[in-house]
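Work through the exercises below with the model open. Try each task before reading its solution.

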There are 2 protein chains.
Amino acid sequence: MCNACIIEGAKHHMLSRRSLFSGAAMAGAASVAAGLSAGIIGAKPALAEASGRVVDLTHTYDSTFPTFDGKPGILMEPDKIFDKDGYQLYKLTIFEHTGTHIDTPLHFSADGTSVDELEVGNLIAPLCIIDITAKARDDANATVEAEDIEAWIAAHGEIPEGACVAMNSGWTAKIGQPDWRNDAAGNLAFPGFGKSATDLLQQTKAASIGVDTMSLDPGNSADFAVHYSWLPSGRFGIEGLANLESLPPKGATVFIGAPKHRGGTGGPARVIAVL
Amino acid sequence: MCNACIIEGAKHHMLSRRSLFSGAAMAGAASVAAGLSAGIIGAKPALAEASGRVVDLTHTYDSTFPTFDGKPGILMEPDKIFDKDGYQLYKLTIFEHTGTHIDTPLHFSADGTSVDELEVGNLIAPLCIIDITAKARDDANATVEAEDIEAWIAAHGEIPEGACVAMNSGWTAKIGQPDWRNDAAGNLAFPGFGKSATDLLQQTKAASIGVDTMSLDPGNSADFAVHYSWLPSGRFGIEGLANLESLPPKGATVFIGAPKHRGGTGGPARVIAVL
C-alpha cells in the first residue's frame, strides 16, 4: 500500500474514533482541564499489591545515543557555569524522538493528540510484557504478532484497562553496541510490533505499547504500518525502554513520565516501574 | 553573607555528607548501575492503600511560560511536517530550568549529583504537603519555616523515608497571570522555603522538596540560601508544581518523572500524584 493510502486510512480511522468517543471526551473535559483524571486508573489492583521494588526503564542518553536518522538527538551547551556564575545549567537542543521517548498520535497524524493532551490516567498503567527474546535471537527484525498477544492473554488473563503492552526482545543487553541499531551490513535491524498484534490490541483496553528498541515497527519495516495505524487511532507508544527483562510478564505498574510541552509530538520521558 | 562564603560553606557541607555516606553509596553502586533501586521505596505503605485517583502536578508549558530570567524557556521549531514528510516532530531548544522542573545538586554545586544520577527510588515518593496559603495571601514572599514543618509532624507523624515535602502556597490559581511571578512593581514576588525549614528537613529522611512557585527560595531572596544549602547536600528540588491544593497533607504518592540526559543539572519533568 502506498504511503498516501496508509495516511488516508489512518486519518479516517482516527476521525471515526473521535466521533465514537466525543461524548465521553466532553464529559471528562472539565476534570482534564484541571489536570485531574476522569476516574480511577486501571493500575489500582497492581499498586495495592506492590512490593515497592522499583526498576528504571529509562536509558541515560546523550549525543552518542543511537537515533533513527543517525544524527545526534540531543546537544548540551553550558548556559551558566558554577565557577563563573555561582550556579549552572545547560541549554539543550533536543529532537523530540530520542532516548527513551514517547510517540504520540500527533507524531503520525496531522491533528492527533499531542504529548500534553495525553490522558493522565493512562500514564500510570498496568504493564504487560510480551517476551520475544527467543525469536529475536534468530532474527534481528523479529516481531510481536497476534499469536504472541493471544498467548499472553491465555496465560495471564485479559489486557487490563489502560495497560501498556511492552515488547521485551532482549535488546537492552545490546545498548552501547552497534547491533542495538544495525545489522553487520549497516542496515537498520531490530525487533518491533507487527500490525497483526496492534490490530488485536485495538480490540482491547490497552492505551499504549512499548518497545525496547528504536521503533514501534521493526528495523526492516518498509511501510511503518504500526506507526500509521496505532498512533492515529489515538493511542501512544514508548520507544527505547530498558530493563524489561528484570520484570515479570504481569503485575508491575509503569509510570510514564511524558513531557508536557504544548503541542509536542512526543519527547524524552522518564519511565519507571513499581513491582 | 557574600555569595563566595555561601558557596564555600555549601561545598564543605557537601563533602562532609559525601564522606559520611560513602560506604552506603558504594554498597548500592552495583544495583544503581543496572537501573535498579537499592531497596524498597518509602512510598510502599501509601501505594498499598491508594484509591487509584490521579492528579497531574505538571503545568503544560510553552515559550510564554514564566521563567526566572524572563526569557523564553523553550522554543519549538518544526523539523518534520506531516503534510510534507508523512510524519512530524519538533526540534526543541530548552533551558533546563523551565516549566515544572527538577533542580539537582549539580545545579548549585560544581560536582553534585546530576539528573541522571538521582536515586530512582526517590522518584516515587510519599508526598507531604505543607499548606501556607493563609500567610501567602497576606505576603507574596511568604516562606515555609521550621514551625510549619513541626506543625505538620505534630499532626501527621514523622516525615516518611524518601519523602517529597511540597509547599502549597495557593499559587496554582495564579498561573497565566502576571502575579504568578511578579508584584505590581514588577519585582519577583512568590512564596518559597525558608532555610529554617530545610535545615530541619535535613535532619529527616526527606529526599526532595517541591514548590508551586518558580523557585525553592522566595521571590525576594537575596542569597538563595535554600538553593545553596539543600541542593549541595545531595537532595533535590521540584519547582513549578501544579494542583497541590487538590491533595491531602498526607497519603498521596508522587511520581517524579525527572529527565535522564547525562550530566544534566535538571530539566522539565512530568510529575503525577496517585491518591
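A salt bridge here is a side-chain nitrogen of Lys or Arg within 4 Å of a carboxyl oxygen of Asp or Glu. Keep in mind that this is a predicted model.

**Exercise 1. Count the salt bridges across the interface of chain A and chain B, then examine the one made by A:Asp56.**

Solution.
- Step 1. Apply the rule across the interface of chain A and chain B: four salt bridges result.
- Step 2. Look at A:Asp56. Its side chain meets that of B:Lys260 in a salt bridge, 2.8 Å from N to O.
- Step 3. Check the cut-off. The rule asks for a distance within 4 Å, and this pair stands at 2.8 Å.
- Step 4. Turn to the partner inside chain A. A:Asp56 also forms a salt bridge with A:Arg270, with the closest N and O atoms 2.7 Å apart.
- Step 5. Place that pair. A:Arg270 lies in strand 14 of chain A and A:Asp56 in strand 2 of chain A; 214 residues separate them, so distant parts of the chain are linked.
- Step 6. Widen the count. Over all chains the rule gives 14 salt bridges.

**Exercise 2. How much area do chain A and chain B bury between them, and which three residues of chain A supply the most?**

Solution.
- Step 1. Recall the usual yardstick. Interface size is often given as the accessible area lost when the parts come together.
- Step 2. Read the value. The two chains bury about 5,900 Å² between them, 63% of it on carbon and sulfur atoms.
- Step 3. Find the top three. A:Phe82, A:Lys260 and A:Arg270 supply 12% of the area that chain A buries against chain B, more than any other three residues.
- Step 4. Count the residues. In contact are 66 residues of chain A and 67 residues of chain B.

**Exercise 3. Which element gives the largest share of the side of chain A that touches chain B?**

Solution.
- Step 1. Start with polar contacts. Between the chains there are 26 residue pairs in polar contact.
- Step 2. List the contributors. Elements giving two or more residues include helix 1 (3–33), strand 3 (74–80) and strand 4 (89–95) of chain A.
- Step 3. Pick the leader. Strand 4 of chain A gives the largest share, seven residues.
- Step 4. Sort this side by residue class: 33 nonpolar, 21 polar and 12 charged.
- Step 5. Follow strand 4 across. Strand 4 of chain A pairs with strand 4 of chain B in the antiparallel sense, over five bridges. A:Phe95 stands opposite B:Lys91.

**Exercise 4. What turn lays chain A on chain B?**

Solution.
- Step 1. Superpose. A turn of 180° with a shift of 0.0 Å along the axis gives an RMSD of 0.0 Å.
- Step 2. Conclude. The two copies are therefore related as by a two-fold rotation axis.
- Step 3. Compare surfaces. The same surface serves both copies: 100% of the contact residues of chain A recur in chain B.

Conventions:
Residues numbered from 1 in each chain as written. Chains lettered and ligands numbered in written order. Predicted model: local features only at pLDDT ≥ 70, side-chain atom pairs only at ≥ 80, totals over all residues. Heavy atoms only, no water. Contact = heavy atoms within 4.5 Å. Buried area = accessible area lost by both parts, 1.4 Å probe. Polar contact = N/O pair within 3.5 Å; in protein donor to acceptor, adjacent residues only side chain to side chain. Helix = DSSP H or I, 4+ residues; strand = E, 2+ residues; numbered from the N terminus. Nonpolar A, V, L, I, M, F, W, Y, C, P; charged D, E, K, R; others polar. Pairing = 2+ DSSP bridges. Least-squares fit on C-alpha atoms with pLDDT ≥ 70 in both.
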